[in-house]
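Reader: I would like a close look at a single part of this model, followed outward to whatever it touches. Please take it step by step.

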Number of protein chains: 2
Amino acid sequence: MSGQIIITAFERSPDGGQGLARDTRVRWALEEAGQPYEVRLVSFKAMKEPAHLALHPFGQIPTYEEGSLALFETGAIVFHIAERHAGLLPDDASARARAITWMFAAVNTVEPPILELANARLLEGNKPWSKERLPLVEGRVRDRLKQLSAHLGTADWLDGAFSAADLMMVSVLLRLRSSGLLDEHQTLAAYVARGEARPAYKRAFADQLAVNKPPAG
Amino acid sequence: MSGQIIITAFERSPDGGQGLARDTRVRWALEEAGQPYEVRLVSFKAMKEPAHLALHPFGQIPTYEEGSLALFETGAIVFHIAERHAGLLPDDASARARAITWMFAAVNTVEPPILELANARLLEGNKPWSKERLPLVEGRVRDRLKQLSAHLGTADWLDGAFSAADLMMVSVLLRLRSSGLLDEHQTLAAYVARGEARPAYKRAFADQLAVNKPPAG
């Protein structure tokens, strides 16, 4: 497994460059690891065509190619990078297992209610039930934030030093910024800000913005 | 990291022993790996108390203890077991990375719409919008099943031999059985049946059933 790293990203991200598309998570991991990479942009149309589906059976971005290896699924790509380069997973076996625990917690415990909230807004925002239902969905997100905030307490990161777990959790939480829910927990707002302040995140953010920036008028 | 393995499970599973509680996934992995384990049952009340929250910040089951190591989050526990014992992850580095990709795909791409469907039924089944909204949520699940079925094709497992990826994906799909959606894809119904036919799954299922079986009348 060696060779030029190529990832895919939206030709035009639905968020207009807010950094919420999942290629930002992979860009961030590669920046933390100091690994150069190329980006191949794909259109919404091309994402559903056979060439892309061969790389990503669910027709999404990002994908990751490295020589003959082809991966999809952001969590797995970040883990692959973290396993091979210093700085994203602790060396100690128990600490490493706990960091992996938090990576899965980010995508399987914290992100699902956040995805549900996004669906409620984007896919069902014009439905007659939207106004009455939204507080229920927000409540499910709030439950998770409260528990996460209680765990974090006064710590800078989820478990000791910054790791791929924080990269994933901060990225998941960033999706909440526009909802205002994140700011209900100063602990979590500060945690996310610490993630965004990392030079590697800033480079990743700037690089995705350069693709998605609205043309100058 | 060595010592007796102890997992937690519901004192009384909400599904009454259908095997859908997430301890079944961990039991299955431990059975595939041939590892003995103890089970500590926890009540809904105890799950939200400090002793359990110290093990699992989100107040859920299962947890995993092994000597001084304490983990939560099913995907991470299954991965921890798979890394340490033969039979759940391929030796080849690229095949291993692809298996991990499918583990994340199970919990972050396929399971979220299934969780949303479960919420629509269990938490919102009595809401005025329930009947009109359910087909929308089912549509999101169907999209994923169609893509997954197209990927699987005539293969027995997701990528070569059975792995922790199949253990996770079959477990996620099992949650759909009562909805009837799974049976819309013969490919996926047969895939899930192959998982259930494994001796290790059968032992895991029987062991969780022994805890949850309704008392004989």
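Author: What follows starts with a sheet, moves to a helix packed against part of that sheet, and ends where the two chains meet. Keep in mind that this is a predicted model.

Begin in chain B. Its four strands form an open sheet in the order β2-β1-β3-β4, and the pairing is mixed. At the edges are β2 (38-42) and β4 (69-72) of chain B, each of which pairs on one side only. From one strand to the next, the twist averages 20°. In general, strands of a sheet pair through backbone hydrogen bonds, and they can do so in a parallel or an antiparallel way.

The parallel sense appears between β1(B), residues 5-10, and β2(B), which are joined by five bridges. One point to find on screen is B:Phe10, whose bridge partner in β2(B) is B:Val42.

For the antiparallel sense, turn to chain A. There too an open sheet of four strands has mixed pairing and the order β2-β1-β3-β4. Its edge strands are β2 (38-42) and β4 (69-72) of chain A, each paired on one side only. Neighbouring strands of this sheet are turned by 20° against each other on average, direction ignored. Strand β1 of chain A, residues 5-10, pairs with β3 of chain A, residues 63-66, in the antiparallel sense over three bridges. Here A:Ile7 has A:Tyr64 as its bridge partner in β3(A).

Now look at what precedes β3. In chain A, the peptide bond between A:Ile61 and A:Pro62 is cis, with omega about 0°. A:Pro62 sits in the loop between α3 (50-53) and β3 of chain A. Chain B has a cis peptide bond between B:Ile61 and B:Pro62, again with omega about 0°. B:Pro62 is likewise placed in the loop between α3 (50-53) and β3, here of chain B.

Another loop, the one between β4 and α4 (74-84) of chain A, holds A:Glu73. The phi angle of A:Glu73 is near 75°, a positive value in a residue other than glycine. A:Glu73 has 29 other C-beta atoms within 10 Å and is therefore buried; the cut-off for that word is 20 or more. In chain B, the loop between β4 and α4 contains B:Glu73. B:Glu73 has a positive phi of about 75°, although it is not a glycine. It too counts as buried, because it has 29 C-beta neighbours inside 10 Å.

Next comes the helix α1 of chain B, residues 23-32. Ten of its ten residues are buried, so the helix is largely enclosed by the rest of the structure. Those buried residues include B:Trp28, B:Ala29 and B:Leu30, but also charged residues, among them B:Asp23, B:Arg25 and B:Glu31. The buried residues of α1(B) pack against strands β1 and β3 (63-66) and helices α4, α7 (164-174) and α9 (199-212) of chain B. Just after α1(B), B:Gly34 takes a positive phi of about 70°.

In soluble globular proteins, nonpolar side chains tend to be buried together. The largest nonpolar core in this model has 110 residues, and A:Ala164 and B:Ala164 touch the most other members. Leaving out residues up to four places away in sequence, the contacts of A:Ala164 include A:Ala29, A:Val78, A:Phe79 and A:Met103.

Last, the two chains together. In this model, 36 residues of chain B are in contact with 35 residues of chain A. On the chain B side, β4, α4 (74-84), α5 (93-122) and α6 (130-152) each give two or more residues. The largest share, 16 residues, comes from α5(B). By type, this side of chain B divides into 19 nonpolar, eleven polar and six charged residues.

A rotation of 180°, with 0.0 Å of shift along its axis, superposes chain B on chain A at an RMSD of 0.0 Å. The two copies are thus related as by a two-fold rotation axis. The same surface serves both copies, as 97% of the contact residues of chain B recur in chain A.

How values were computed: Residues numbered from 1 in each chain as written. Chains lettered and ligands numbered in written order. Predicted model: local features only at pLDDT ≥ 70, side-chain atom pairs only at ≥ 80, totals over all residues. Core = buried A, V, L, I, M, F, W, Y, C linked by C-beta atoms within 7 Å. Buried ≥ 20, exposed ≤ 12 C-beta atoms within 10 Å, placed from the backbone. Contact = placed C-beta atoms within 7 Å. Pairing = 2+ DSSP bridges. Axes fitted to C-alpha atoms, helices over the stretch in contact; angles between N-to-C directions. Least-squares fit on C-alpha atoms with pLDDT ≥ 70 in both.
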